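This briefing covers the pockets of one protein and the residues that line them. The sequence and structure come first, followed by the points by topic.

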Amino acid sequence: MAEKGVKVVGMWASPFVARVEMALRLKGVAYEYISEDLANKSETLLSYNPVTKKVPVLVHDGKPMAESAVIVEYIDEVWKDGYPIMPADPYERAQARFWARYADEKVHTLCPVEHY
């Protein structure tokens with residue numbers, strides 16, 4: 001049986017982890033935070049994200065997913081209560097995705113590190 005609940009595998013200085021935590025807080029979702037040392041990646045991180053081996057990883061009821069933008073959209077779709085993250089209008093949602101990707105690119109340019 002898969003474990004229940006929500007976990008975030010992250011690193012304190014990651015703006016991408018912060019994005020996921022903000023989304024969970026906006027929705028009022030309780031979660032367990034698992035701190036990751038990116039210089040010495042744990043078996044937990046490697047098992048949850050064997051492809052990119054990066055944070056953040058959201059684990060919901062035993063099912064892991066990676067990439068902060070994907071995670072935030074998932075949070076918005078799964079937890080309808082709380083503040084809506086993405087606009088309901090398709091055009092406005094596309095604009096929000098554009099600006100999120102633009103911000104991601106700027107963050108990568110300013111601090112190119114191994115997490116997102």
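The lining of the second largest pocket is made up of 7 charged residues and 3 nonpolar ones, with no polar residue. The model is a predicted one. The pocket with this lining holds about 160 Å³ of space, and the largest pocket holds about 420 Å³.

**Second largest pocket**
- The residues that line the second largest pocket include the charged Lys27, Glu73, Asp76, Glu77, Lys80, Arg93 and Arg97.
- Pro84, Met86 and Pro87 also belong to the lining of this pocket, and they count as nonpolar.
- At least two lining residues of the second largest pocket come from each of α3 and α4.
- α3 supplies the largest share of that lining, with 3 residues.

**Largest pocket: space and centre**
- The space in the largest pocket comes to about 420 Å³.
- The largest pocket is lined by 20 residues, and those closest to its centre are Arg19, Ala69, Val72, Met86 and Ala100.

**Largest pocket: elements and residue classes**
- Three helices, α1 (15-27), α3 (68-78) and α4 (90-110), are the elements that each give two or more residues to the lining of the largest pocket.
- Among these elements, α4 gives the most to the lining, with 6 residues.
- By class, the lining of the largest pocket has 12 nonpolar, 6 charged and 2 polar residues.

**Shared by both pockets**
- Met86 is among the residues closest to the centre of the largest pocket, and Met86 also lines the second largest pocket.
- α3 and α4 each give two or more residues to the lining of the largest pocket and at least two to that of the second largest.

Terms used
Residues numbered from 1 in each chain as written. Predicted model: local features only at pLDDT ≥ 70, side-chain atom pairs only at ≥ 80, totals over all residues. Heavy atoms only, no water. 1 Å grid on protein atoms, 1.4 Å probe; cavity = no way out; pocket = protein on both sides within 12 Å on 5 of 7 lines; lining within 4 Å. Points joined across faces, edges and corners; volume = space filled by probe spheres on them. Helix = DSSP H or I, 4+ residues; strand = E, 2+ residues; numbered from the N terminus.
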